[in-house]
Amino acid sequence: MALVYAAFPALAECYARSWGLACMLVDAEGRLLAGKCEESDGAHERRRAVDEAVRWGEASLLLTARGYLLWAVPVMHNARVLGGLVVERGEGEAPELTPEQTRHAMADLLTLAEEANLTNAALLELRRRAARVESERAEAIHELKEQNYQSIRDVYLVEEPALISAIKRGDRRVAREILNRVLVGIYFMGRGRPMLLKSFLLELVVTMSRSAVEAGADPTELLGANYSSFTELAHIEGEEELCAWLVHMLERMMDAITANRNYPSSVLIAAALKYMQEHLSEEITRDDIAGIACLSPSHFSRVIKQTVGRSFTELLTVMRVDRAREELILSEKSLIQVCLDCGFKDQSYFTKVFQKYTTHTPGEYRRSQRKKRF
């Protein structure tokens, strides 16, 4: 905990400079350790906010009984929760933040905690993924109930062609989405019949493997991977384990396709960068772009870092700032239009990020560049 105490003042100062907000350090029970506390009796609410942040893998937000808006991120050592970083704001308190700005402020607090190594970024990412999977499964169940499927076979036959097509073209994101629907359908309609579930999973893996080999994967490598995985399947009983097993099989097959393709990483990354440039105004995620490059998200992150020397998030931000610089110089668009066209959803956040990379606000940058031109 001594390292946490040592790192907290610099983190709190940085956060205050960025957002004009004070943050506090609390222990695992929500009791104040450092910083200013507005609610002396709100320890249980601060603890609940930290617990929720751990559960979902991201900064959590709640409204306290006294009307304070509170958000928190966990302070962790490995998997153990030591406490949290918490921000509390009373209604009408300066600075006024829009909902979008509040979301950015929450995300920034988590980023600072990760950069200071005060939390377990890897574990939180796993929790975020698990939350996304659960959300997707809930949506798939809802969709399934609206379909007129009579049996597991119906679900499988409807989804199989699209799954095979996605695997063959190396579209990892779409393959995951289809596989998730198939999984939900198989489990939903085969509940209570574990042997039937496993038989369909085996059939599905054989189909996926055949598609992967046709797309260029090494059949010898897949055969060895499948043999060991089938042994694992025999000992799996729970729904979550079955789902995780099949998703893992898909990832191995997609990796095998990518590994055996005769495309150097530079070509794959070039395609990804081109796509990013053409879609800067849209919502872009690392997983989306990794799919464009036909790489797993984790491998894509490593290759991007090795190729351009930046993380995906930083690279995307720099590309958007560079586009904004061009727009500010060459167009007559308003600042808010430039902000939106370059993929920033909030003008205050746009100004903050732009100033970080150029040392000028967008307005100052436009004026200075125009003076140079004329």
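**Close-up 1. The hairpin of β3 and β4 in this predicted model.** Let's start at the bend: 5 residues sit between the two strands of this hairpin, and Gly67 takes a positive phi near 90°. Strand β3 covers residues 60-63. It pairs with β4 in the antiparallel sense, over 4 bridges. To find one of these links, look for Ser60, whose bridge partner in β4 is Ala72.

**Close-up 2. Strand β4 and its hairpin with β5.** Follow β4 along residues 69-77 and you will find it mostly covered, with 7 of its 9 residues buried. Strand β5 (residues 80-89) runs antiparallel to β4, and 9 bridges join the two. His77 has Arg80 as its bridge partner in β5. The hairpin of β4 and β5 has 2 residues between the strands, and Asn78 in the turn has a positive phi of about 55°. As a reading tip for strands, side chains in a regular strand alternate between the two faces of the sheet.

**Close-up 3. Arg128 and its contacts in helix α4.** Helix α4 spans residues 121-146, and Arg128 has its place there. Is Arg128 buried or exposed? Its relative accessible area is 17%, so Arg128 counts as buried, the cut-off being under 20%. Leaving aside residues up to four places away in sequence, Arg128 touches Trp56, Gly57, Glu58, Leu110 and Glu114.

**Close-up 4. Helix α15 from start to end.** This helix has 12 residues, numbered 347-358. From first C-alpha to last it reaches 16 Å, close to the 16 Å expected at 1.5 Å a residue. At the start of α15, a side-chain oxygen of Asp346 comes to within 3.1 Å of the backbone nitrogen of Ser348. Just after the helix, Thr359 takes a positive phi of about 70°.

**Close-up 5. The buried face of α15.** Which residues of α15 are buried? They are Phe350, Val353, Phe354 and Thr358. Seen down the helix axis, these buried residues fall within an arc of 115°, so they line one face of α15. The general pattern helps here: an α-helix has 3.6 residues a turn, so residues three or four places apart point the same way.

**Close-up 6. Aromatic rings around Phe350.** The structure holds 5 aromatic pairs. One of them joins Phe344 and Phe350 in a tilted arrangement, with 5.0 Å from centre to centre and 40° between the planes. Both partners are buried: Phe344 has a relative accessibility of 5%, and Phe350 has a relative accessible area of 1%. Phe344 and Phe350 also belong to one aromatic cluster, together with Tyr349, Phe354 and Tyr365.

Conventions:
Residues are numbered from 1 along each chain as its sequence is written. This is a predicted model: local features need pLDDT of at least 70, side-chain atom pairs count only at pLDDT 80 or more; totals for chains, interfaces and linings use all residues. Side-chain values use heavy atoms; hydrogens and water are left out. The expected span of a helix is 1.5 Å times one less than its number of residues. Buried means under 20% relative accessible area, exposed over 50%, partly exposed in between (1.4 Å probe, protein chains only). The arc is that of the directions from the helix axis to the C-beta atoms. A polar contact is a pair of N or O atoms within 3.5 Å; within protein, one must be able to donate a hydrogen and the other to accept it, and residues adjacent in sequence count only if both atoms are side-chain atoms. Contact means heavy atoms within 4.5 Å. Rings of Phe, Tyr and Trp (its six-membered ring) pair if their centres lie within 6.5 Å; planes under 30 degrees apart count as stacked, over 60 as edge-to-face and the rest as tilted. Two strands pair if DSSP finds at least two bridges between them.
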